[in-house]
Amino acid sequence: MKKSAVAALLATTMALAPWGGPVAVANDFLHGQRLYSLGDYAGAFVVWRDLAQQGDARAQYSLAVLYQKGQGLAKNDARALEWARRAADQDYKPGQILLQKLQAKTRAAAADVEAKPAEPKRQLTDLQRTEAAVGNLLRQISKRFADDGTLHYGGLQSRKLDDAIQVTIPDVVVRSSKGDLFELGEISAMVRHLDQRFDAITLALPGEIRFRSAAGLRGRATIAERLAKLRWDRELKISTEFEVRLGQLVFLDGAGAEKGRIGELLARADVTEADDLWSGPVRISLSKLNLTDGDQSGLQLESAAIVLNFQDLDLSAYAAYGTIPHKDKQAGGDGMPTLESMLTMASGIGLQVKIERLSVRNPDQGAFQLANADYGLELTSPDGKLLNFALTLRHTGLRGMGGAAPGAMMPQDLDIAMALENLPIATLANVGVTAAVEIALLGGVNSSAKQFNRLRRELSDATTVLRLKQVKVAARDYSIDMAMTLLADESAKAGFVGGGDLRIWGLTKLLSALGIQDLPALAELIKLGDPFDAGRGLLFALAMQPDGLLAVNGDPVMSLAPFQDKAE
(Lines give C-alpha, C1' and ligand atoms only; values in the text may rest on other atoms or scores of the structure.)
Protein backbone atom coordinates (compact mmCIF):
# COMPACT_ATOMS: atom_id res chain seq x y z
CA MET A 1 0.00 0.00 0.00
CA LYS A 2 1.39 3.38 -0.93
CA LYS A 3 2.21 5.80 1.87
CA SER A 4 0.00 8.52 0.47
CA ALA A 5 -3.03 6.19 0.44
CA VAL A 6 -2.50 5.08 4.04
CA ALA A 7 -1.87 8.67 5.11
CA ALA A 8 -5.26 9.62 3.71
CA LEU A 9 -6.87 6.68 5.53
CA LEU A 10 -5.36 7.60 8.88
CA ALA A 11 -6.32 11.21 8.37
CA THR A 12 -9.91 9.99 8.27
CA THR A 13 -9.52 7.80 11.35
CA MET A 14 -8.26 10.82 13.33
CA ALA A 15 -11.92 11.68 13.74
CA LEU A 16 -11.97 9.05 16.50
CA ALA A 17 -10.32 11.58 18.82
CA PRO A 18 -12.96 12.43 21.45
CA TRP A 19 -13.28 16.04 20.33
CA GLY A 20 -13.14 15.37 16.59
CA GLY A 21 -11.29 18.59 15.68
CA PRO A 22 -8.56 19.34 13.15
CA VAL A 23 -5.20 17.61 13.44
CA ALA A 24 -3.29 20.83 13.96
CA VAL A 25 -4.44 21.62 17.50
CA ALA A 26 -2.97 23.81 20.19
CA ASN A 27 -1.10 22.15 23.03
CA ASP A 28 -3.29 24.00 25.54
CA PHE A 29 -6.43 22.44 24.11
CA LEU A 30 -4.88 18.97 24.25
CA HIS A 31 -3.87 19.62 27.86
CA GLY A 32 -7.50 20.30 28.63
CA GLN A 33 -8.47 17.14 26.79
CA ARG A 34 -6.06 15.08 28.88
CA LEU A 35 -7.44 16.59 32.09
CA TYR A 36 -10.96 15.73 30.94
CA SER A 37 -9.99 12.13 30.16
CA LEU A 38 -8.54 11.85 33.70
CA GLY A 39 -11.78 13.12 35.23
CA ASP A 40 -10.43 16.56 36.17
CA TYR A 41 -13.38 18.43 34.71
CA ALA A 42 -12.75 21.61 36.69
CA GLY A 43 -9.17 21.74 35.42
CA ALA A 44 -10.33 21.16 31.85
CA PHE A 45 -12.87 23.97 32.25
CA VAL A 46 -10.16 26.46 33.29
CA VAL A 47 -8.02 25.56 30.26
CA TRP A 48 -10.85 25.57 27.74
CA ARG A 49 -12.54 28.73 29.10
CA ASP A 50 -9.59 30.94 28.15
CA LEU A 51 -9.30 29.34 24.71
CA ALA A 52 -13.05 29.61 24.13
CA GLN A 53 -13.01 33.32 24.95
CA GLN A 54 -10.22 33.69 22.38
CA GLY A 55 -12.48 32.15 19.72
CA ASP A 56 -11.30 28.51 19.65
CA ALA A 57 -14.32 26.60 18.28
CA ARG A 58 -13.21 23.28 19.79
CA ALA A 59 -12.90 24.82 23.23
CA GLN A 60 -16.30 26.51 22.83
CA TYR A 61 -17.86 23.15 21.98
CA SER A 62 -16.08 21.52 24.94
CA LEU A 63 -17.43 24.15 27.35
CA ALA A 64 -20.91 23.49 25.99
CA VAL A 65 -20.48 19.80 26.80
CA LEU A 66 -19.32 20.56 30.34
CA TYR A 67 -22.32 22.84 30.95
CA GLN A 68 -24.70 20.35 29.34
CA LYS A 69 -23.53 17.45 31.50
CA GLY A 70 -22.74 19.44 34.64
CA GLN A 71 -19.16 18.22 34.75
CA GLY A 72 -16.88 20.31 36.99
CA LEU A 73 -19.55 23.00 37.39
CA ALA A 74 -23.28 23.40 37.80
CA LYS A 75 -25.42 22.09 34.93
CA ASN A 76 -26.62 25.04 32.85
CA ASP A 77 -28.49 24.43 29.59
CA ALA A 78 -28.56 28.13 28.73
CA ARG A 79 -24.77 28.43 28.93
CA ALA A 80 -24.39 25.16 27.02
CA LEU A 81 -26.62 26.57 24.28
CA GLU A 82 -24.61 29.80 24.18
CA TRP A 83 -21.22 28.09 23.74
CA ALA A 84 -22.59 25.52 21.29
CA ARG A 85 -23.97 28.37 19.16
CA ARG A 86 -20.58 30.10 19.15
CA ALA A 87 -18.87 26.91 17.97
CA ALA A 88 -21.59 26.28 15.37
CA ASP A 89 -21.24 29.82 14.03
CA GLN A 90 -17.65 28.93 13.11
CA ASP A 91 -18.89 25.94 11.05
CA TYR A 92 -17.56 23.47 13.65
CA LYS A 93 -19.58 20.33 12.89
CA PRO A 94 -19.73 18.85 16.45
CA GLY A 95 -20.89 22.28 17.64
CA GLN A 96 -23.63 22.34 15.01
CA ILE A 97 -24.79 18.86 16.02
CA LEU A 98 -24.86 19.76 19.72
CA LEU A 99 -26.64 23.05 19.00
CA GLN A 100 -29.40 21.22 17.12
CA LYS A 101 -29.78 18.80 20.01
CA LEU A 102 -29.98 21.57 22.63
CA GLN A 103 -32.40 23.61 20.54
CA ALA A 104 -34.66 20.59 20.14
CA LYS A 105 -34.56 20.07 23.91
CA THR A 106 -35.43 23.73 24.50
CA ARG A 107 -38.40 23.54 22.12
CA ALA A 108 -39.64 20.36 23.80
CA ALA A 109 -39.36 21.97 27.23
CA ALA A 110 -41.30 25.02 26.02
CA ALA A 111 -44.03 22.78 24.66
CA ASP A 112 -44.33 20.97 28.00
CA VAL A 113 -44.88 24.28 29.79
CA GLU A 114 -47.92 25.08 27.68
CA ALA A 115 -51.31 24.57 29.31
CA LYS A 116 -52.47 20.99 29.22
CA PRO A 117 -55.69 20.34 27.27
CA ALA A 118 -58.91 19.78 29.10
CA GLU A 119 -59.93 16.22 29.92
CA PRO A 120 -62.38 15.81 26.99
CA LYS A 121 -59.60 16.62 24.52
CA ARG A 122 -57.14 14.02 25.85
CA GLN A 123 -58.01 11.46 23.15
CA LEU A 124 -57.44 14.04 20.42
CA THR A 125 -54.09 14.87 21.97
CA ASP A 126 -53.10 11.20 21.87
CA LEU A 127 -54.03 11.06 18.19
CA GLN A 128 -52.06 14.19 17.44
CA ARG A 129 -49.06 12.89 19.34
CA THR A 130 -49.21 9.60 17.45
CA GLU A 131 -49.57 11.33 14.10
CA ALA A 132 -46.52 13.43 15.00
CA ALA A 133 -44.50 10.28 15.74
CA VAL A 134 -45.46 8.71 12.40
CA GLY A 135 -44.80 12.01 10.64
CA ASN A 136 -41.33 12.19 12.20
CA LEU A 137 -40.67 8.62 11.07
CA LEU A 138 -41.65 9.51 7.50
CA ARG A 139 -39.48 12.62 7.59
CA GLN A 140 -36.50 10.53 8.73
CA ILE A 141 -37.09 8.17 5.81
CA SER A 142 -37.39 11.16 3.48
CA LYS A 143 -34.03 12.48 4.67
CA ARG A 144 -32.42 9.20 3.72
CA PHE A 145 -33.60 9.95 0.18
CA ALA A 146 -32.04 13.43 0.27
CA ASP A 147 -29.42 12.61 -2.37
CA ASP A 148 -31.00 9.67 -4.18
CA GLY A 149 -34.66 10.52 -4.48
CA THR A 150 -37.79 11.71 -2.72
CA LEU A 151 -40.66 10.24 -0.71
CA HIS A 152 -44.20 11.60 -1.19
CA TYR A 153 -47.45 10.76 0.61
CA GLY A 154 -50.87 12.24 1.30
CA GLY A 155 -52.36 13.63 4.50
CA LEU A 156 -52.22 11.32 7.52
CA GLN A 157 -55.47 9.95 8.92
CA SER A 158 -55.66 8.49 12.44
CA ARG A 159 -58.23 6.74 14.62
CA LYS A 160 -58.12 5.21 18.09
CA LEU A 161 -58.64 1.47 18.48
CA ASP A 162 -58.96 -0.57 21.69
CA ASP A 163 -55.23 -1.16 22.22
CA ALA A 164 -53.56 1.04 19.60
CA ILE A 165 -53.88 4.02 17.33
CA GLN A 166 -54.07 3.40 13.59
CA VAL A 167 -52.49 5.94 11.25
CA THR A 168 -53.21 5.60 7.53
CA ILE A 169 -50.61 6.94 5.09
CA PRO A 170 -52.22 7.31 1.66
CA ASP A 171 -50.68 7.64 -1.80
CA VAL A 172 -47.09 6.70 -0.92
CA VAL A 173 -44.76 7.28 -3.87
CA VAL A 174 -40.96 7.01 -4.09
CA ARG A 175 -39.15 8.80 -6.91
CA SER A 176 -35.46 8.08 -7.56
CA SER A 177 -32.95 10.74 -8.58
CA LYS A 178 -32.91 9.19 -12.08
CA GLY A 179 -36.66 9.62 -12.48
CA ASP A 180 -37.81 6.06 -11.69
CA LEU A 181 -41.19 5.98 -9.95
CA PHE A 182 -42.46 3.43 -7.39
CA GLU A 183 -46.10 3.55 -6.32
CA LEU A 184 -46.72 1.83 -2.99
CA GLY A 185 -50.28 3.01 -2.49
CA GLU A 186 -51.63 2.97 1.07
CA ILE A 187 -49.64 1.98 4.16
CA SER A 188 -51.24 1.52 7.58
CA ALA A 189 -49.31 2.05 10.84
CA MET A 190 -50.48 0.54 14.15
CA VAL A 191 -48.93 2.52 17.02
CA ARG A 192 -48.85 1.35 20.64
CA HIS A 193 -47.39 3.55 23.38
CA LEU A 194 -44.83 1.59 25.39
CA ASP A 195 -43.93 4.34 27.88
CA GLN A 196 -43.31 8.06 28.04
CA ARG A 197 -40.52 7.80 25.49
CA PHE A 198 -41.03 4.83 23.17
CA ASP A 199 -43.72 3.66 20.75
CA ALA A 200 -44.05 0.26 19.09
CA ILE A 201 -45.03 0.70 15.44
CA THR A 202 -46.13 -2.05 13.06
CA LEU A 203 -46.56 -1.21 9.37
CA ALA A 204 -48.97 -3.01 7.04
CA LEU A 205 -47.11 -2.92 3.73
CA PRO A 206 -48.74 -3.35 0.32
CA GLY A 207 -48.64 -6.70 -1.46
CA GLU A 208 -47.93 -5.05 -4.80
CA ILE A 209 -45.74 -2.14 -5.89
CA ARG A 210 -46.06 -0.61 -9.34
CA PHE A 211 -43.04 1.01 -10.96
CA ARG A 212 -42.17 3.04 -14.01
CA SER A 213 -38.61 3.59 -15.18
CA ALA A 214 -37.28 6.93 -16.40
CA ALA A 215 -37.22 5.40 -19.89
CA GLY A 216 -40.98 4.73 -19.68
CA LEU A 217 -40.87 0.97 -18.99
CA ARG A 218 -43.64 -0.16 -16.66
CA GLY A 219 -44.02 -3.13 -14.37
CA ARG A 220 -44.91 -4.31 -10.90
CA ALA A 221 -43.54 -6.32 -8.02
CA THR A 222 -45.62 -8.67 -5.91
CA ILE A 223 -44.64 -9.40 -2.29
CA ALA A 224 -46.05 -12.55 -0.72
CA GLU A 225 -44.58 -12.14 2.78
CA ARG A 226 -44.39 -8.77 4.56
CA LEU A 227 -43.23 -7.74 8.03
CA ALA A 228 -42.28 -4.25 9.23
CA LYS A 229 -41.98 -3.31 12.89
CA LEU A 230 -39.91 -0.88 14.93
CA ARG A 231 -39.51 0.81 18.29
CA TRP A 232 -39.71 4.57 17.85
CA ASP A 233 -37.88 6.96 20.19
CA ARG A 234 -40.08 10.05 20.44
CA GLU A 235 -37.41 12.00 22.27
CA LEU A 236 -34.62 11.49 19.72
CA LYS A 237 -36.99 10.99 16.77
CA ILE A 238 -35.17 7.89 15.59
CA SER A 239 -35.47 4.10 15.69
CA THR A 240 -32.66 1.82 16.88
CA GLU A 241 -34.64 -1.41 16.87
CA PHE A 242 -36.43 -2.25 13.63
CA GLU A 243 -37.06 -5.15 11.30
CA VAL A 244 -38.37 -4.99 7.74
CA ARG A 245 -38.65 -8.39 6.07
CA LEU A 246 -40.05 -8.93 2.57
CA GLY A 247 -40.32 -12.49 1.22
CA GLN A 248 -40.99 -14.05 -2.17
CA LEU A 249 -40.76 -10.96 -4.36
CA VAL A 250 -41.63 -11.42 -8.04
CA PHE A 251 -40.90 -8.77 -10.67
CA LEU A 252 -43.16 -8.58 -13.72
CA ASP A 253 -42.97 -6.36 -16.79
CA GLY A 254 -45.87 -4.41 -18.24
CA ALA A 255 -47.05 -7.46 -20.20
CA GLY A 256 -47.01 -9.66 -17.10
CA ALA A 257 -43.87 -11.62 -18.01
CA GLU A 258 -41.65 -12.56 -15.08
CA LYS A 259 -38.29 -10.74 -15.04
CA GLY A 260 -36.87 -11.81 -11.70
CA ARG A 261 -37.30 -13.02 -8.14
CA ILE A 262 -35.88 -12.32 -4.67
CA GLY A 263 -36.30 -14.87 -1.92
CA GLU A 264 -35.98 -12.37 0.92
CA LEU A 265 -35.07 -8.75 1.58
CA LEU A 266 -34.16 -7.89 5.17
CA ALA A 267 -33.30 -4.67 7.00
CA ARG A 268 -32.75 -5.08 10.73
CA ALA A 269 -31.24 -3.08 13.58
CA ASP A 270 -30.43 -4.38 17.05
CA VAL A 271 -28.83 -1.38 18.72
CA THR A 272 -29.12 -1.27 22.52
CA GLU A 273 -28.44 1.45 25.09
CA ALA A 274 -26.02 1.52 28.03
CA ASP A 275 -25.18 4.76 29.88
CA ASP A 276 -26.67 6.93 27.11
CA LEU A 277 -24.47 5.25 24.49
CA TRP A 278 -25.72 2.78 21.91
CA SER A 279 -24.05 -0.32 20.50
CA GLY A 280 -25.05 -3.04 18.05
CA PRO A 281 -25.43 -3.97 14.38
CA VAL A 282 -27.56 -2.68 11.54
CA ARG A 283 -27.96 -5.30 8.79
CA ILE A 284 -29.26 -5.14 5.23
CA SER A 285 -29.35 -8.39 3.25
CA LEU A 286 -31.00 -10.22 0.38
CA SER A 287 -31.09 -13.85 -0.69
CA LYS A 288 -32.04 -15.98 -3.70
CA LEU A 289 -31.82 -13.20 -6.26
CA ASN A 290 -32.53 -14.25 -9.86
CA LEU A 291 -32.89 -11.65 -12.60
CA THR A 292 -33.28 -12.42 -16.30
CA ASP A 293 -33.35 -10.42 -19.51
CA GLY A 294 -34.04 -12.99 -22.20
CA ASP A 295 -32.52 -16.46 -22.46
CA GLN A 296 -28.89 -15.33 -22.70
CA SER A 297 -28.57 -12.69 -19.97
CA GLY A 298 -29.09 -13.03 -16.27
CA LEU A 299 -27.84 -12.55 -12.74
CA GLN A 300 -28.03 -15.03 -9.87
CA LEU A 301 -26.98 -14.36 -6.29
CA GLU A 302 -27.34 -16.76 -3.39
CA SER A 303 -26.99 -14.05 -0.75
CA ALA A 304 -25.45 -10.66 0.03
CA ALA A 305 -25.28 -8.68 3.27
CA ILE A 306 -23.98 -5.37 4.56
CA VAL A 307 -23.54 -5.02 8.32
CA LEU A 308 -22.69 -1.74 10.06
CA ASN A 309 -21.74 -2.22 13.70
CA PHE A 310 -21.59 0.66 16.19
CA GLN A 311 -19.75 0.83 19.50
CA ASP A 312 -20.77 3.47 22.05
CA LEU A 313 -22.65 5.65 19.58
CA ASP A 314 -23.88 9.05 20.80
CA LEU A 315 -27.32 8.54 19.36
CA SER A 316 -28.50 12.05 20.19
CA ALA A 317 -25.64 13.48 18.08
CA TYR A 318 -26.52 11.10 15.25
CA ALA A 319 -30.19 12.05 15.43
CA ALA A 320 -29.30 15.75 15.51
CA TYR A 321 -27.24 15.27 12.34
CA GLY A 322 -30.47 14.78 10.46
CA THR A 323 -31.56 18.32 11.40
CA ILE A 324 -28.45 20.01 9.97
CA PRO A 325 -29.24 21.71 6.64
CA HIS A 326 -28.13 19.45 3.80
CA LYS A 327 -25.80 22.07 2.32
CA ASP A 328 -23.86 22.20 5.61
CA LYS A 329 -23.33 18.44 5.86
CA GLN A 330 -20.22 16.60 4.82
CA ALA A 331 -20.99 14.65 1.67
CA GLY A 332 -21.88 11.08 2.50
CA GLY A 333 -24.72 10.19 0.17
CA ASP A 334 -28.08 8.65 1.07
CA GLY A 335 -28.60 11.35 3.72
CA MET A 336 -26.12 9.52 5.95
CA PRO A 337 -23.15 11.06 7.81
CA THR A 338 -19.73 10.41 6.32
CA LEU A 339 -17.39 7.94 8.00
CA GLU A 340 -15.41 10.86 9.38
CA SER A 341 -18.54 12.36 10.92
CA MET A 342 -19.62 9.00 12.34
CA LEU A 343 -16.29 8.58 14.10
CA THR A 344 -16.91 11.78 16.05
CA MET A 345 -20.08 10.15 17.41
CA ALA A 346 -18.84 6.64 18.36
CA SER A 347 -15.84 4.89 19.91
CA GLY A 348 -15.85 2.29 17.18
CA ILE A 349 -17.36 1.47 13.80
CA GLY A 350 -17.24 -1.79 11.87
CA LEU A 351 -18.36 -2.39 8.31
CA GLN A 352 -18.66 -5.84 6.72
CA VAL A 353 -19.81 -6.89 3.25
CA LYS A 354 -20.48 -10.55 2.40
CA ILE A 355 -21.40 -12.15 -0.92
CA GLU A 356 -22.19 -15.80 -1.63
CA ARG A 357 -22.29 -17.38 -5.09
CA LEU A 358 -22.64 -14.57 -7.58
CA SER A 359 -23.05 -15.41 -11.27
CA VAL A 360 -23.54 -13.03 -14.19
CA ARG A 361 -23.97 -13.98 -17.83
CA ASN A 362 -24.15 -11.75 -20.89
CA PRO A 363 -24.09 -12.77 -24.55
CA ASP A 364 -21.63 -9.99 -25.41
CA GLN A 365 -19.43 -9.97 -22.29
CA GLY A 366 -19.37 -13.67 -21.43
CA ALA A 367 -19.89 -15.24 -18.00
CA PHE A 368 -18.60 -14.25 -14.59
CA GLN A 369 -18.68 -16.12 -11.27
CA LEU A 370 -17.63 -15.35 -7.70
CA ALA A 371 -17.88 -18.14 -5.14
CA ASN A 372 -17.81 -15.87 -2.08
CA ALA A 373 -16.43 -12.60 -0.76
CA ASP A 374 -15.95 -11.15 2.71
CA TYR A 375 -14.66 -7.58 3.12
CA GLY A 376 -14.37 -5.88 6.48
CA LEU A 377 -13.14 -2.64 8.06
CA GLU A 378 -13.02 -1.84 11.76
CA LEU A 379 -11.94 1.34 13.54
CA THR A 380 -11.99 1.41 17.34
CA SER A 381 -10.78 3.54 20.21
CA PRO A 382 -12.26 2.04 23.39
CA ASP A 383 -10.44 4.41 25.76
CA GLY A 384 -10.32 7.47 23.52
CA LYS A 385 -6.51 7.39 23.70
CA LEU A 386 -5.36 4.55 21.45
CA LEU A 387 -6.63 3.90 17.93
CA ASN A 388 -6.90 0.44 16.36
CA PHE A 389 -7.48 -0.22 12.67
CA ALA A 390 -8.21 -3.62 11.11
CA LEU A 391 -8.83 -4.52 7.47
CA THR A 392 -9.81 -7.85 5.89
CA LEU A 393 -10.21 -8.56 2.18
CA ARG A 394 -11.19 -12.08 1.15
CA HIS A 395 -12.72 -13.65 -1.92
CA THR A 396 -12.52 -17.02 -3.63
CA GLY A 397 -13.59 -18.51 -6.92
CA LEU A 398 -13.36 -15.45 -9.16
CA ARG A 399 -13.73 -17.02 -12.58
CA GLY A 400 -15.03 -16.04 -15.98
CA MET A 401 -15.36 -16.85 -19.65
CA GLY A 402 -15.11 -14.66 -22.73
CA GLY A 403 -14.72 -10.93 -22.13
CA ALA A 404 -15.65 -11.38 -18.46
CA ALA A 405 -12.67 -13.68 -17.75
CA PRO A 406 -10.26 -12.21 -15.13
CA GLY A 407 -6.94 -11.03 -16.59
CA ALA A 408 -3.56 -12.50 -15.72
CA MET A 409 -3.09 -9.93 -12.92
CA MET A 410 -6.57 -10.20 -11.37
CA PRO A 411 -6.51 -12.24 -8.13
CA GLN A 412 -8.83 -15.22 -8.48
CA ASP A 413 -8.44 -15.94 -4.77
CA LEU A 414 -7.52 -13.31 -2.20
CA ASP A 415 -6.99 -13.38 1.56
CA ILE A 416 -5.58 -10.26 3.23
CA ALA A 417 -5.72 -9.43 6.92
CA MET A 418 -3.85 -6.48 8.40
CA ALA A 419 -4.00 -4.43 11.58
CA LEU A 420 -2.46 -1.26 12.95
CA GLU A 421 -2.73 -1.41 16.73
CA ASN A 422 -2.19 1.00 19.61
CA LEU A 423 -1.77 4.25 17.69
CA PRO A 424 -1.77 7.00 20.37
CA ILE A 425 -4.31 9.62 19.38
CA ALA A 426 -2.56 12.40 21.29
CA THR A 427 0.65 11.65 19.38
CA LEU A 428 -1.15 11.79 16.07
CA ALA A 429 -2.63 15.14 17.05
CA ASN A 430 0.61 16.62 18.38
CA VAL A 431 3.16 15.24 15.93
CA GLY A 432 0.96 14.82 12.89
CA VAL A 433 -0.74 12.05 10.97
CA THR A 434 1.63 12.20 8.01
CA ALA A 435 4.77 11.66 10.10
CA ALA A 436 3.13 8.80 11.99
CA VAL A 437 2.17 7.07 8.76
CA GLU A 438 5.60 7.63 7.25
CA ILE A 439 7.39 5.97 10.13
CA ALA A 440 4.83 3.18 10.44
CA LEU A 441 5.39 2.25 6.80
CA LEU A 442 9.18 2.69 7.01
CA GLY A 443 9.50 5.57 4.61
CA GLY A 444 11.49 8.78 4.96
CA VAL A 445 9.90 11.59 6.92
CA ASN A 446 9.87 15.20 5.86
CA SER A 447 9.62 16.46 9.42
CA SER A 448 12.56 17.40 11.66
CA ALA A 449 14.77 14.94 13.52
CA LYS A 450 13.34 16.28 16.78
CA GLN A 451 9.79 15.52 15.69
CA PHE A 452 10.81 12.10 14.38
CA ASN A 453 12.47 11.19 17.67
CA ARG A 454 9.43 12.29 19.62
CA LEU A 455 7.19 10.20 17.40
CA ARG A 456 9.50 7.22 17.69
CA ARG A 457 9.50 7.50 21.49
CA GLU A 458 5.73 7.88 21.90
CA LEU A 459 4.87 5.06 19.49
CA SER A 460 7.30 2.84 21.37
CA ASP A 461 5.75 3.76 24.73
CA ALA A 462 2.31 2.88 23.33
CA THR A 463 3.61 -0.45 21.90
CA THR A 464 2.32 0.41 18.43
CA VAL A 465 2.28 -2.62 16.11
CA LEU A 466 1.79 -3.03 12.37
CA ARG A 467 0.68 -6.56 11.51
CA LEU A 468 0.34 -7.95 8.03
CA LYS A 469 -1.21 -11.09 9.42
CA GLN A 470 -1.47 -12.67 6.03
CA VAL A 471 -1.40 -11.64 2.40
CA LYS A 472 -2.35 -14.49 0.09
CA VAL A 473 -2.96 -13.74 -3.57
CA ALA A 474 -3.56 -16.36 -6.27
CA ALA A 475 -3.90 -15.23 -9.89
CA ARG A 476 -3.66 -17.09 -13.18
CA ASP A 477 0.08 -16.50 -13.66
CA TYR A 478 1.41 -15.84 -10.15
CA SER A 479 0.84 -16.35 -6.41
CA ILE A 480 1.97 -14.42 -3.32
CA ASP A 481 2.12 -15.48 0.32
CA MET A 482 3.35 -12.95 2.88
CA ALA A 483 3.23 -12.26 6.62
CA MET A 484 5.05 -9.55 8.58
CA THR A 485 5.04 -7.92 12.01
CA LEU A 486 6.68 -4.59 12.83
CA LEU A 487 7.00 -3.32 16.41
CA ALA A 488 7.61 0.30 17.41
CA ASP A 489 11.02 0.58 19.10
CA GLU A 490 12.50 3.84 20.36
CA SER A 491 16.05 2.48 20.09
CA ALA A 492 15.63 1.47 16.41
CA LYS A 493 16.95 4.01 13.93
CA ALA A 494 13.95 3.54 11.64
CA GLY A 495 11.55 3.50 14.58
CA PHE A 496 10.42 -0.09 14.04
CA VAL A 497 11.93 -3.56 14.18
CA GLY A 498 10.57 -6.87 12.98
CA GLY A 499 10.14 -8.77 9.79
CA GLY A 500 8.47 -11.59 7.95
CA ASP A 501 8.56 -13.84 4.90
CA LEU A 502 7.54 -13.13 1.32
CA ARG A 503 6.99 -16.07 -1.04
CA ILE A 504 6.30 -15.52 -4.74
CA TRP A 505 5.48 -18.01 -7.48
CA GLY A 506 5.64 -16.83 -11.09
CA LEU A 507 7.71 -13.72 -10.29
CA THR A 508 9.00 -13.38 -13.87
CA LYS A 509 5.47 -13.27 -15.31
CA LEU A 510 4.37 -10.84 -12.59
CA LEU A 511 7.19 -8.40 -13.36
CA SER A 512 6.57 -8.69 -17.10
CA ALA A 513 2.89 -7.92 -16.66
CA LEU A 514 3.87 -4.84 -14.65
CA GLY A 515 6.45 -3.82 -17.28
CA ILE A 516 9.35 -3.58 -14.81
CA GLN A 517 11.21 -6.80 -15.62
CA ASP A 518 14.26 -4.90 -16.98
CA LEU A 519 15.00 -2.70 -13.95
CA PRO A 520 18.62 -3.41 -12.82
CA ALA A 521 17.82 -2.91 -9.12
CA LEU A 522 15.09 -5.54 -9.29
CA ALA A 523 17.38 -7.97 -11.06
CA GLU A 524 19.90 -7.68 -8.21
CA LEU A 525 17.17 -8.10 -5.61
CA ILE A 526 15.79 -11.22 -7.29
CA LYS A 527 19.22 -12.81 -7.04
CA LEU A 528 18.85 -12.74 -3.24
CA GLY A 529 15.73 -14.93 -3.34
CA ASP A 530 16.00 -18.53 -2.13
CA PRO A 531 14.38 -20.99 -4.58
CA PHE A 532 11.82 -23.44 -3.20
CA ASP A 533 9.06 -25.70 -4.49
CA ALA A 534 11.39 -27.23 -7.05
CA GLY A 535 12.46 -23.79 -8.22
CA ARG A 536 8.94 -22.58 -9.01
CA GLY A 537 8.99 -20.01 -6.23
CA LEU A 538 11.35 -17.60 -4.48
CA LEU A 539 11.53 -16.90 -0.74
CA PHE A 540 12.51 -13.48 0.58
CA ALA A 541 13.04 -13.31 4.36
CA LEU A 542 12.62 -9.63 5.25
CA ALA A 543 14.07 -8.11 8.43
CA MET A 544 13.91 -4.53 9.71
CA GLN A 545 17.06 -4.28 11.83
CA PRO A 546 17.70 -1.97 14.83
CA ASP A 547 20.38 -0.13 12.80
CA GLY A 548 17.71 0.92 10.29
CA LEU A 549 18.80 -1.47 7.54
CA LEU A 550 16.35 -3.65 5.63
CA ALA A 551 17.83 -7.10 5.13
CA VAL A 552 16.68 -9.67 2.57
CA ASN A 553 17.69 -13.26 3.36
CA GLY A 554 20.36 -11.91 5.71
CA ASP A 555 21.86 -9.40 3.25
CA PRO A 556 21.35 -5.67 4.01
CA VAL A 557 19.95 -3.99 0.92
CA MET A 558 18.98 -0.45 1.98
CA SER A 559 18.68 1.91 4.94
CA LEU A 560 15.25 3.04 6.05
CA ALA A 561 16.52 5.33 8.80
CA PRO A 562 15.36 8.85 7.86
CA PHE A 563 18.13 10.63 9.78
CA GLN A 564 21.82 9.99 10.41
CA ASP A 565 23.21 9.68 13.92
CA LYS A 566 24.46 13.27 13.93
CA ALA A 567 20.96 14.51 13.29
CA GLU A 568 19.71 12.68 16.32
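Below is a short chat about a predicted model of a protein.

Visitor: Hi! What helices and strands are there, and how many of each?
Guide: Welcome! This is a predicted model, and the protein in it has 14 helices and 24 strands.

Visitor: How much of the protein is buried?
Guide: Of its 568 residues, 42% are buried.

Visitor: And what does the protein expose?
Guide: About 28700 Å², with carbon and sulfur atoms supplying 54% of that area.

Visitor: What share of the contacts comes from residues 24 or more positions apart?
Guide: Counting contacts in the protein with a separation of 6 or more, 56% are between residues at least that far along, meaning 24 or more positions apart.

Visitor: Let's pick one helix. Which residues of H13 are buried?
Guide: H13 covers residues 507-514, and Leu507, Leu510 and Leu511 are buried there.

Visitor: Why do they line one face of the helix?
Guide: Looking down the axis of H13, you find its buried residues within an arc of 95°, so they line one face.

Visitor: What does the face turned away from the buried side carry?
Guide: That face of H13 has the exposed residues Thr508 and Lys509.

Visitor: And what do the buried residues of H13 pack against?
Guide: Their packing partners are strands S19 (479-488), S20 (496-505) and S22 (537-544), along with helix H14 (520-526).

Visitor: What follows H13?
Guide: Glycine 515, which has a positive phi near 75°.

Visitor: Changing topic: where is alanine 534 found, and what is its phi?
Guide: Alanine 534 sits in the loop between strand S21 (530-532) and S22. Its phi is near 55°, which is positive in a residue other than glycine.

Visitor: Is alanine 534 buried or exposed?
Guide: Alanine 534 is exposed, at a relative accessible area of 72%.

Visitor: What about aspartate 91, where is that one found?
Guide: Aspartate 91 belongs to the loop between helix H5 (77-89) and helix H6 (93-113). The phi of aspartate 91 is positive too, near 65°, and the residue is exposed with a relative accessible area of 54%.

Visitor: One more stop. How do strands S23 and S24 run, and how many bridges join them?
Guide: They run antiparallel, and four bridges join S23 (residues 549-552) to S24 (residues 555-559).

Visitor: Which residue in S24 is the bridge partner of alanine 551?
Guide: Alanine 551 has proline 556 as its partner.

Visitor: And what about asparagine 553 in that hairpin?
Guide: The hairpin of S23 and S24 has two residues between the strands, and asparagine 553 takes a positive phi near 50°.

Terms used:
Residues numbered from 1 in each chain as written. Predicted model: local features only at pLDDT ≥ 70, side-chain atom pairs only at ≥ 80, totals over all residues. Heavy atoms only, no water. Pairing = 2+ DSSP bridges. Buried < 20%, exposed > 50% of the residue type's maximum accessible area, 1.4 Å probe, protein only. Contact = heavy atoms within 4.5 Å. Areas by Shrake-Rupley, 256 points an atom, 1.4 Å probe, with all protein chains shown as cover. Arc of directions from axis to C-beta.
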